[in-house]
Amino acid sequence: MITLHQFPPAFDLPNASPFCMKLELYLRMAGLPYLNRYTLELHRAPKGKLPWIDDDGTAVADSGFIIEYLKGKYGDPLDGKLGPLQRAQALAITRLFEEHLYWSVIYDRWIAAPGWEVTRAAFFGGLRWPLRIIIPRVARRGIRAELHGHGMGRHSPEQICALGVADVDALAALLGDQPYFLGADATSVDATAAAFLANVLLVPTESPVKSAAEGHANLRAYCQRMAQRYFPAG
Ligand SMILES: N[C@@H](CCC(=O)N[C@@H](CS)C(=O)NCC(=O)O)C(=O)O
């Protein structure tokens, strides 16, 4: 049995970590049974980040490597028929979400003042004093350092917003009027896309990036379509 180690749900989403939500969505899309284990124990994760899986004693970390592992062991019902061009498009779209848009989402949640108020209350509001004061400060300092290391955190707030909005506009153009990112059928890139878009559109934080996404009817409809199909109770 596959055990999925991920953060506990937050923001009324299956997961407020887009990477965790991506993997749970992939498991559902591929029809693979799994058990959820909600955890904050990053030190137990093989690479110190969530999600990771334990598959009957085999530990695998990183959502991308996990999906490759699952395809190798259980088959590839979603992407098996894709040609080289579609695979290249999927890779480019995945990188756009995970390696670029992700960082403006992180900035909006953890650094921009309105987002931070909401994030602090949602993630740390339940802690007892003085942890309620100390932990969020330490966590935010770590995120600030990560943003700086990536490079996104070196830009002005206006530039970070503009970069995020440009990503969202490009993704809306790539989706166009197709039901899924690669056409008529859902593929694994939709696990990434729907998880990241839900973490932009369906969160209680407000930001120019969220407003830009809300301005694209196709992105809103896509998110709804994916949620109804794969998280029908949610
Ligand atoms: N490339 C990894 C990224 C995972 C990742 O960044 N997870 C974040 C949550 S969204 C995390 O665990 N952060 C905790 C930390 O860095 O300390 C994947 O695809 O799984």
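Pro 51 lies in the loop between S2 and S3, and the peptide bond that leads into Pro 51 from Leu 50 is cis, with omega near 10 degrees. That makes a good place to start a tour of this structure, which is a predicted model. From this loop we can move to the sheet, then to the helices, and finally to the aromatic rings.

**The loop between S2 and S3**

- Leu 50, just like Pro 51, is found in the loop between S2 and S3.
- Is Leu 50 buried or exposed? With a relative accessible area of 8%, Leu 50 is buried.
- Leaving aside residues up to four places away in sequence, Leu 50 touches His 5, Gln 6, Phe 7, Phe 19, Cys 20, Thr 39, Leu 42 and Ala 45.
- One of these contacts is Phe 7; the C-alpha atoms of Leu 50 and Phe 7 are separated by 7.0 Å, although the two residues are 43 apart along the chain.

**Other backbone features to look at**

- Most residues other than glycine have a negative phi, and most peptide bonds are trans.
- A cis peptide bond is also found from Trp 129 to Pro 130, with omega near 5 degrees.
- Pro 130 belongs to the loop between H4 and helix H5 (131–150).
- Asp 12 is not a glycine, yet has a positive phi of about 60 degrees.
- You will find Asp 12 in the loop between S1 and H1, where Asp 12 is exposed at a relative accessible area of 83%.
- Asp 62 is another non-glycine residue with a positive phi, here about 85 degrees.
- The loop between S4 and helix H2 (63–74) holds Asp 62, and a relative accessibility of 36% makes Asp 62 partly exposed.

**The sheet**

- Four strands form an open sheet in the order S2-S1-S3-S4, and their pairing is mixed.
- Strands S2 (34–38) and S4 (58–61) are the edges; each has a single partner strand, so one side of each has no neighbour in the sheet.
- On average, and ignoring direction, neighbouring strands of this sheet are turned by 20 degrees against each other.
- Helix H1 (residues 18–29) packs on the sheet and touches strand S1 (2–6), S2 and S3. The direction of H1 makes about 160 degrees with that of S1.
- S1 and S2 run parallel and are joined by 5 bridges; across this pairing, Gln 6 stands opposite Tyr 38 in S2.
- S3 (residues 52–55) and S4 run antiparallel, with 4 bridges between them; Asp 54 has Ala 59 in S4 as its bridge partner.
- How many residues of S1 are buried? The count is 5 of 5, so to speak a mostly covered strand.
- Both faces of S1 are covered, with Ile 2, Leu 4 and Gln 6 buried on one side and Thr 3 and His 5 buried on the other.

**Where H3 meets H4**

- The axes of helix H3 (residues 84–110) and helix H4 (residues 113–124) come within 5 Å and cross at roughly 80 degrees.
- With that crossing angle, H3 is roughly perpendicular to H4.
- On the H3 side, the meeting residues are Asp 108, Arg 109 and Trp 110.
- On the H4 side, they are Gly 115, Trp 116, Thr 119, Phe 123 and Phe 124.

**Aromatic rings**

- How many aromatic pairs does a search of the whole structure find? The search finds 13.
- Tyr 102 and Trp 103 form an edge-to-face pair, 5.1 Å from centre to centre with 75 degrees between the planes. The angle counts as edge-to-face because it is over 60 degrees.
- Tyr 102 and Trp 103 are both buried.
- Tyr 102 and Trp 103 also belong to one aromatic cluster, together with Phe 19, Phe 97, Phe 181, Phe 196 and Tyr 222.
- Phe 19 links two topics here: Phe 19 is in that cluster and is also touched by Leu 50.
- A charged residue meets a ring where Arg 225 lies over the face of Tyr 180, at 5.9 Å from the ring centre.

Methods:
Residues are numbered from 1 along each chain as its sequence is written. This is a predicted model: local features need pLDDT of at least 70, side-chain atom pairs count only at pLDDT 80 or more; totals for chains, interfaces and linings use all residues. Side-chain values use heavy atoms; hydrogens and water are left out. Rings of Phe, Tyr and Trp (its six-membered ring) pair if their centres lie within 6.5 Å; planes under 30 degrees apart count as stacked, over 60 as edge-to-face and the rest as tilted. Buried means under 20% relative accessible area, exposed over 50%, partly exposed in between (1.4 Å probe, protein chains only). A charge sits over a ring if NZ of Lys or CZ of Arg is within 6 Å of the ring centre and within 35 degrees of the ring normal. Two strands pair if DSSP finds at least two bridges between them. Helices (H or I, at least four residues) and strands (E, at least two) are DSSP runs, numbered from the N terminus. Axes are lines fitted to C-alpha atoms, for helices over the stretch in contact, and angles run from 0 to 180 degrees between N-to-C directions. Contact means heavy atoms within 4.5 Å. Angles under 35 degrees count as roughly parallel, over 145 as roughly antiparallel, 65 to 115 as roughly perpendicular and the rest as oblique.
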